[in-house]
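Reader: Hello! I'm new to this structure and would love a close look at one part of it. Could you pick a helix pair and walk me through how the two helices meet?

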Amino acid sequence: MDNIFINYSLFILFLPLAAFVIQIFFGKKLPRQGDWVSIGAISITLILAIAMFVGMLLDYNPDFRQEASFTWLDMGAFSIQLGFLVDNITIIMLLVVALISTCTHVFSLKYLKGDIRYSRYFAYLGLFTFSMNGIVLANNLISMYMSWELVGVSSYLLIGHWFEKESAANAAKKAFLTNRVGDIGFFIGIMLIYTAIGSFTFTDIFEGVAGGVLVGTTLTLAGVGLFLGAMGKSSQFPLHIWLPDAMEGPTPVSALMHAATMVAAGVYLTIRIFPILSPDALLVVAYVGGFTALFAATIAITQNDIKKVLAYSTVSQLGYMILAVGTGVYTAAFFHLLTHAMFKANLFYGSGSVIHSMHHALHEKNDHETDAQDMRNMGGFREKMPITYWSMLASTLAIAGVPLFSGFLSKDAILAGSLSFAQHHPEHFLLPVFGFGAAAITAFYMFRMMFMTFHGKPKMPELIDDIHESPKEMAGPLVLLGTLSVAIWYTLPHLNPISTDGSWFTTLVHPVTAVVPGSFTAHAIEEGAHHAHNLAMGISIGVAALGIGLAVLMYLKNIISPETWGKRAGFMYDWSLNKYYFDENYDKYLYQPTLRLAKKIAWIDWELYDKYFINGFGHVTNWASRVSGKFDYNIIDQFLVDGVGRIADNFGFMLKKIQTGKLQNYLLYVTAGVIILMIIQSY
Amino acid sequence: MTEFTFWFIITLTILSAGMVVLSNQLIYSAMALLSTLFGVAGIYVFLWADFIAGVQVLVYIGGILILIIFGIMLTNRISSVRLSQTNVQQGVGGAVAIWLCILMSLVISKTPWFQADASEPVGTVAEVGTLLLTKYLLPFEAISLLLLGALIGAAVLSRKEN
Amino acid sequence: MNDLNTYLLVAAILFSFGVFGVMTRRNGIAVLMGVELILNAANINFVAFSRFGGMNFDGHIFALLVIVLAAAEAAVALAIIINIYNNMNTINIDEASSMKE
Amino acid sequence: MENILSWLIWMPVIGIGIIAFIPRDKNDLIKIIAAVTTGLQFLLTLVLWQNYDAGNGGMQFMERATWIPSFNITYILGVDGLSLPMVILTALLCFIGIFVSWNINKAVKGYFALFLLLDTGIIGVFLSMDFFLFYIFWEVMLLPMYFLIGMWGGPQREYAAIKFFLYTLFGSVLMLIGILGLYFSCGNTFDIQVLMEVAPDALRGLTWWGMSAIKVIWVLLFVGFAIKVPVFPFHTWLPLAHVEAPTAISVLLAGILLKLGVYGILRINYGLMPDGVYWFSGALAALGLINVIWGGLCALAQTDLKKLVAYSSVNHMGYTLIGMAAIIAAGEANGLNLKAAQAGLGGAVFQMFNHGTISAMLFILVGVIYDRAHHRDIEGFGGLAAQMPIYTGITAVAFFAGLGLPGFSGFISEAMCFIGAFPVYKGIVIASTLGILLNAAYFLWAFQRIFFGELNEKYKDLPEINRLELFTVVPLLLITLFFGIYPAPFLNLISSTMDVIINHVVSLATFASM
């Protein structure tokens, strides 16, 4: 068994890359534009990932760990080792990526049928899968950073898939640049760590921190720096702005990258580096996560675009995970990552399915004006699209935190963790408040979305006849992931659907104590969370019921009018609808000033510095020579040696005649000159 | 007899040289040049330079002069034979030339030239040949390259455009 | 006949004629002839100094080189003159002045 | 193998000799001769690389011949890990440059002869180990460049050429003064290796007009080299010259000529005045920061694509300066951090090479679009991605390489520069990481404006990139990609020389601050 998992994971890593290369170069020439190449590669990846997963379950070793590394570059003292780390977290993550990626590939077969850049699309999916797996498998910060950026690029390429639309091109650029802001923090963190420890691998870093090489503020700063990277990728406040815009990409991409896997990379990173996060850094993490969870949820309430609702919901859920890491229950964060990947991907597929049929219906009516993603144009699709409806409902129940569904378990663990944290540190009571508040709102807006889309009367009755269930390539992933939203899968081998005690997950992924001196031990955190568990469960069921109930009253039974309440909320409604004017303010106070600064600098550089200062030297020299020339002419020449000048003038006039341009004249002068010289010489 | 021949040759040389530059007919000038060159060859003989004299006859008369005559023929239409030519600035030029001549003669006569006695060699060819291929090998090769270059250059230049 | 000055004077006269020719002739070929005279004058000097300087053959070599040079010069110059004639229909060198201004 | 370096230098001159004998209307033959000459030269550099002993960081393949003994001027050539990559890069870019200039039709003979002369000058600077010879080659380079810009350039070519010429000449004059100062104060020798031994001691304590001689000479030489780099206040010739120069010349200008400045600083300033390194490295890093930010902001504001790429060079060379400043990390005052010094210096040299390939690629690509659309206004395109997919793909890759994406060599070198300089100049490095954001911003923004959106109706018949152009770009692309994935071959080549330089500077500098 030695390192067989590493070998498997190498295959998992490089197969999608191979598919990418083949698709880029030959995609268009292959039959069916080569989609079978990508599907084949990703299917093998999935099989291997399942094999690894099964292997893990058979082994059932909580401390399983394999590592392999090689020297990438070596200059003597400075060298970089890259390598792969496979442990239980890696294996689960690989499976998630492979599973969602496969589903996306299959789903896209029909969703993007006939697209002009069909093979290109599959190529980029391959590139994404490769880089995502690169993040998952990294055992060091450098290769993680590299994959990190590559993920950013594949996201850029896929969001910009329909680049003819300016909004898509803008969104792609925005995503990349916003991520880069985070990446700068990431890189500064790497530099801080390397400077102190002299190595990039996690093992060495953990050892170094445990040994007290890197302490105090520097450690906190390093942790915050790395977390900044996570904030960018996981779309945390205030870098959350790119994710909703990223919905300009094809819906399956949103499901794969902007819901399930890529955005989870930030969470994955914080989980990986959890042991070196100092208490102060963790506090930052917790507050950012908690605030994002609540903040994004409040925006989601008022959105009318079905994908925007899901996007803000994703931001909010990611905030949950970050909150969990910050409060120390990082296994809960990973658990939520896992369950969220399943149900959120499913929700996106569902929305994709709805949008697909809306498109189709609008196309039938030759209507190209109506927005196919606006929920205000939907309603009453339940009978028409039963598979989509039921699978989405399962996922909605999961995300709302209803017992028996997966989200309940993971969200509960997080809430318990934050509650216990607040019990230990009463001054941070806000953290659980964020959590529970977000839970209530989540339940509300998710059901609002379901009701507006599937229930009630059709808002555009003329379309309803053309709304059909999606083909089986699209329905398959829906059913599969809908099933995976049920709690039972995560509590095995026990069948108690409301507790994860002793399940495969809690056994295999167990918390470790941070290596930072002075942190809580893993045991203490676990104990605390366990104590808070029942209380948290009670409150969370309560708030979920509250949210769902409110949604039922407002959007299903129409007892409370949303419009009236929206008006009553006044500016709050406005802010929420306009996403708190973040984009506008960033534009006004960040982008435009930067551009203006750039223009100014360029102007200074070119029009001022170069034109006046540098060319000024030339002008000064020119001017000086002219002044000296004038002086020469007016004072010395005209005034002092006027007579001599006149003689010279006449002489010059005489000489001008001599200048005939005829060779023979010149020869004559030369000879005459020689004669004169000879005569002079002879005296 | 030798004395007479010597002065005859001198006179011939000078007179025909004058004709070269004074004649109005170009073709006469060329003919006068012929006799000047012969005269110079004769002078070489008196200076014990028999090989140079031979070369003078062969190259100058056999080559250059023929070339010049060709040049004259090619640049004047035969049908309207106007082989005459005019001079410019003759007055000043003449004065300058005469002055030049006078001054040079003064210089020549006033300068105490270095002289050394020597007996007449049997033949100069062997000596010249040895020198050319030993001491003066490099100039020899260089001048041969120059000659080649001039040949090609002349051919390229006088070729008709396209 | 056995006096160096005689030869030098002859050479000087030839030289002056040559200079006069070059200065006054309008026809390019005639100018060329003047140049040949100058070269011959120089050659006479070389050989004469050689003869009266102890029969040193270096002068002969120089004379030879000058002859070769003259041949090369004549060839190129004539080629140029013919070219000028073809282009301008004249060989009067004061008329062939398109390079001037 | 005996005189391989001389062969390298003089091979283009042989090419010029052959071209001189080809009639002026045989354009293709001239181009082929030029291509064969540079091709052979490139092969020769590969042979050199094969025979180079990477384990030995000192000078190899030394050649030595007396030249002007009365002034102690000698013809000395040598190559080490610092110059070898640059020589290979030069030969490669010259070879590619010939093909880039394949569509030059104006005075072809002169163009290619000057091009080859430029080639000789550049290689000569990299290989000469005698300061006087170095200076001669430095000037030899200047002249063909002046004519190449001034005669085959864009509409403002004469202005650009004269500006380039005066700017660089100004630097050369300062350099000459510096050289003479060294010559007279260090025992009348121009031999760089001798100077490296003698100068640090000879200059120490020497003062001229109340100023330390080291500082004076350092500044004189630095300004001379900084103009070539170009370092911040001396950079304004670059956008103009780049914009006006023909494509191949822009390629050489950005790809190699800028490296000469850095090479000069590393070879001469670092080698001869280790004390000066300590004195100046803070300023060096700060100038690097300014280059990064200033260049980035200027690039962001450009509407001319070529000017954007030109300013991106200013931006990219800033990283090199920051990396170079890291050398003092290995000193005692900074805790003998050899790791950081190696990372910084190696990163700087690697960045030189990478910028050579990447900016060359970018300029070729700009040239491709300019040949087709006859303008370079970024706003004037739009939607080209649909029309020219291959060109778009390659440009995307080049832009991503330019913005330092992992997987391309530029990332590694930039990261190494930063990592190396970080322990010494934390604030500067953190501030300059903003540069990588600007970097991404200007490239992506330009990319979006050119390629994304609806296809501009004017360009719906624009032909795709052709094979010749592909032939010029793809090798560079592959090199960038190869070193991005596996940088070890390059770093192994230079690392022992880097150690020699670090050791030299650190061991001969006697006081940490002057």
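**A helix pair in chain A**

Author: Happy to! In this predicted model, α14(A) and α18(A) run roughly antiparallel to each other, because their axes cross at roughly 150 degrees and angles over 145 count as roughly antiparallel. To find the pair, look for helix α14 at residues 330-364 of chain A and helix α18 at residues 472-483 of chain A. Their axes come within 9 Å, and the crossing of α14(A) and α18(A) is left-handed.

Now for the residues that meet. From α14(A) come M342(A), A345(A), N346(A), Y349(A), G350(A) and S353(A). Facing them in α18(A) are M474(A), P477(A), L478(A), L481(A) and G482(A). Sorted by class, the residues of this contact are seven nonpolar and four polar, with no charged ones.

With that pair in mind, you may like to see how two other chains touch. Here 60 residues of chain C are in contact with 70 residues of chain B. On the side of chain C that touches chain B, α1 (4-24), α2 (28-52) and α3 (58-88) each supply at least two residues. The most comes from α3(C), which gives 21 residues to that side. By class, this side of chain C holds 44 nonpolar, 11 polar and five charged residues.

Finally, a word on chain B itself: it is divided into domain 1 (1-82) and domain 2 (122-162). Taken over C-alpha atoms, the centres of these two domains of chain B are separated by 22 Å.

Conventions:
Residues are numbered from 1 along each chain as its sequence is written. Chains are lettered from A and ligands numbered from 1 in the order in which they are written. This is a predicted model: local features need pLDDT of at least 70, side-chain atom pairs count only at pLDDT 80 or more; totals for chains, interfaces and linings use all residues. Two residues are in contact if their C-beta atoms, placed from the backbone, lie within 7 Å. Helices (H or I, at least four residues) and strands (E, at least two) are DSSP runs, numbered from the N terminus. Ala, Val, Leu, Ile, Met, Phe, Trp, Tyr, Cys and Pro count as nonpolar, Asp, Glu, Lys and Arg as charged, and the others, Gly among them, as polar. Domain bounds come from an automatic or database domain assignment. Axes are lines fitted to C-alpha atoms, for helices over the stretch in contact, and angles run from 0 to 180 degrees between N-to-C directions. Angles under 35 degrees count as roughly parallel, over 145 as roughly antiparallel, 65 to 115 as roughly perpendicular and the rest as oblique. A crossing is left-handed if the near helix is turned anticlockwise from the far one by less than a right angle, and right-handed if clockwise.
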